[in-house]
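User: Could you walk me through the pocket and the aromatic rings of this model?

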Amino acid sequence: MLPFSRQEFLDVFGRYNGAVWPAQLLLYALALVLVARILRREPLTGGFVLLAALWLWMGVVYHLMFFSAINPAARLFGIAFIAQAVLLLSLERPGSMEEGTPAARSTGKVLIAYALFGYPLVGYLAGQRYPEMVTLGLPCPTTIFTIGVLLVAVRRPPTWLLAIPIAWAFIGTFAAISLGMPQDYGLAIAGLAAAVRLLPRPSRNKPGWIETRRAQV
């Protein structure tokens, strides 16, 4: 059970979009800078600073200033999102396009495209209209976008870097089902894709089961 109704939830977006305009344009611009560098196959040096700015914005502006008005848990969410911004800044060496595996890069690009273009389209088809639409810079599309960028840019993202986005992906999916927000179903796919990247990979230096059995024989 959620402590707010669907209309109260949408009203928060309406107040947020009305209050911060035209900041949404700047947030989209930050995302498009990252996309341009990805398409040009440039190293994402400094790109994680842009991601950190998005998470800091979500933590302070959305969660603490707006969402907390209808959900007491938003204060905890705000702290978690601010922590994620710090974690993104703490990366010692930003990744590059070549560091992601082909499958991860492809998945990441699909998630990025969905976050920027598919997400608002699905919301529109579901009947949502501005200013109650969810824009980039709000948690759900930005989480999908972030996971996509990390899958593209980092071959093996550390667990601590993906833990908060994965947690939010499944929190957001639960809320999406409860509130009827079909565009947020993409969160589940993004969360699963990120979780798969954290699964341990078998070492190529260790013999497989068949080779071990043959050696024993």
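Analyst: Gladly! On a 1 Å grid over the protein atoms alone, a pocket is an open set of points where a 1.4 Å probe fits, with protein on both sides within 12 Å along at least five of seven lines; lining residues have an atom within 4 Å of a point. This is a predicted model, where local features need pLDDT of at least 70 and side-chain atom pairs pLDDT 80 or more, while totals for chains, interfaces and linings use all residues. Residues are numbered from 1 along each chain, and side-chain values use heavy atoms, without hydrogens and water.

User: Which residues lie nearest the centre of the largest pocket?

Analyst: Happy to help. The lining of the largest pocket divides into 20 nonpolar residues, three polar and one charged (Ala, Val, Leu, Ile, Met, Phe, Trp, Tyr, Cys and Pro are nonpolar; Asp, Glu, Lys and Arg charged; the others, Gly among them, polar). Of its 24 lining residues, those nearest the centre are Phe4, Phe9, Phe67, Trp168 and Ala175.

User: What is the angle between the planes of Tyr62 and Phe67?

Analyst: Rings of Phe, Tyr and Trp (its six-membered ring) pair if their centres lie within 6.5 Å; planes under 30 degrees apart are stacked, over 60 edge-to-face and the rest tilted. By this rule there are twelve aromatic pairs. The pair of Tyr62 and Phe67 is stacked, with 5.4 Å centre to centre and a plane angle of 20°.

User: Which residues do ring pairs link into a cluster?

Analyst: Tyr62 and Phe67 are both buried (under 20% relative accessible area, 1.4 Å probe, protein chains only). Ring pairs join these two into a cluster whose members are Phe4, Phe9, Phe13, Tyr16, Tyr62, Phe66 and Phe67.

Notes: Buried < 20%, exposed > 50% of the residue type's maximum accessible area, 1.4 Å probe, protein only.
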